[in-house]
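Colleague: I would like to go through the charged side chains and their surroundings. Where should we begin?

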Amino acid sequence: MGRKPTKNLNLPAHMRIRERGDTVYYYYDAGGKPRKEIPLGKDYVAAVQKWAELEGGTKKTEFNFTDLEFKYTAEVIPKKAARTQVDNLREMKSLRTYFCDPDPAPLQGVTQMHVRKFLDWRTKKGTEATTRANRERALLSHMFNMAINWGMYTGVNPCTGVQGYTETGRDVYIENNIFEAVYESSCQPLRDACDLAYLTSQRPTDVITMSETDISDETLAVTQGKTKYKLRIRIEGELEQLIKRIKLRKSKHKVRSLRLIVNEYGRPLSRKAIEERMKKARTKAIKKHPGLEEQIKNYQFRDLRAKGATDKADLDDIRAAQQLLGHSNISMTEHYVRKRKGQKVGPTK
């Protein structure tokens, strides 16, 4: 059924790609004369789901990495949080590159040695390679667990016993002078984003998705994307002034979005756009403050969550910092904030 493809060989059997401008569309090649193609849409994950339904009658007794990849992509990834889906699809690219070159590896032939060699291969790819390798190994392990459940693989998960790399958690604290140096070189949308991230101590993804619809009864409702932890932040003090400022700026735009963080035209800002603006602001700040170059270079938007919580804890309000961070216990918060700035203690005498 269908003709043999000559490109995009990583796609499952009978799936085809058509490009229209910058947009990619997926089709199912049902064969026949004239050849029939069934549209699968332009969303990759949704396309694989529809492909899996159309391939439902096909039975195999031996499976390779591509079979596992597409079944996992169709049935497991869509059930994860949006950010995790993005991360998994990116991580899958590295796994595919290694385990499908030149041909998809038979699942039953994958051993601990192959997983170890994958980690060694992956660490040669860049400065953050060890961290990425650990994430990709975790994804691979879950894929093989699912393969065992699905009857695609028999035996012990080949990732078992293969040790990843030691990671050192980020322990950066942004001092006020560094914050101000970058802030003064930032555009207004970025300033709004930085202020909101600092005052609420939430993760970047949770900050950029905050909406006017989250505001009621003088509180800002947040459901943390990573943990699903819910909290309501009282709108008072500096946060109250910030939200008034944001609403005033938004009222002047022709385009009206409910998101709190918008660009100069009123459209929502993505995390990637914020990172790009942070990069430009850091570059400008370094030119104005060359003596602070290393500290400014090390400043990332995500560090504002830790700075906000640490400053809150420094006001002897560790419980409030814990609630903002969504930590399950106070010791977790103490470790989170103290390792960045250090425990405050008195002198010997």
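Modeller: With a term: a residue is buried under 20% relative accessible area, exposed over 50% and partly exposed in between. The model is predicted.

Colleague: Is Lys-284 buried, exposed or partly exposed?

Modeller: Lys-284 lies in helix α10, residues 271-288, and belongs to a positive surface patch with Lys-280, Lys-287 and Lys-288. Its relative accessible area is 49%. Exposed requires over 50% and buried under 20%, so Lys-284 is partly exposed.

Colleague: Which residues, leaving aside neighbours within four places in sequence, is Cys-187 in contact with?

Modeller: Cys-187 is in the loop between α6 and α7, and is partly exposed at 23% relative accessibility. Its C-alpha atom is separated by 9.0 Å from that of Glu-264, 77 residues apart along the chain. With those neighbours left aside, Cys-187 is in contact with Glu-264 and Arg-277.

Colleague: How many residues apart in sequence are the parts tied together by Arg-245 and Asp-195?

Modeller: Arg-245 forms a salt bridge with Asp-195, with the closest N and O atoms 2.9 Å apart. Arg-245 lies in helix α9 and Asp-195 in helix α7, so the pair ties together parts separated in sequence by 50 residues.

Colleague: In the salt bridge of Arg-18 and Glu-37, what is the N to O distance?

Modeller: Both residues belong to a network of salt bridges that also includes Arg-16, Asp-29 and Arg-35. Arg-18 is partly exposed at 27%, and Glu-37 is partly exposed at 25%. Their side chains meet with an N to O distance of 2.4 Å.

Technical notes
Residues numbered from 1 in each chain as written. Predicted model: local features only at pLDDT ≥ 70, side-chain atom pairs only at ≥ 80, totals over all residues. Heavy atoms only, no water. Patch = residues over 30% accessible without salt bridge, like charges linked within 9 Å, V, L, I, M, F, W, Y side chains within 5 Å. Areas by Shrake-Rupley, 256 points an atom, 1.4 Å probe, with all protein chains shown as cover. Salt bridge = Lys/Arg side-chain N within 4 Å of Asp/Glu carboxyl O. Lys, Arg positive; Asp, Glu negative; His and termini not counted. Charge placed at Lys NZ, Arg CZ, Asp CG, Glu CD. Helix = DSSP H or I, 4+ residues; strand = E, 2+ residues; numbered from the N terminus. Buried < 20%, exposed > 50% of the residue type's maximum accessible area, 1.4 Å probe, protein only. Contact = heavy atoms within 4.5 Å.
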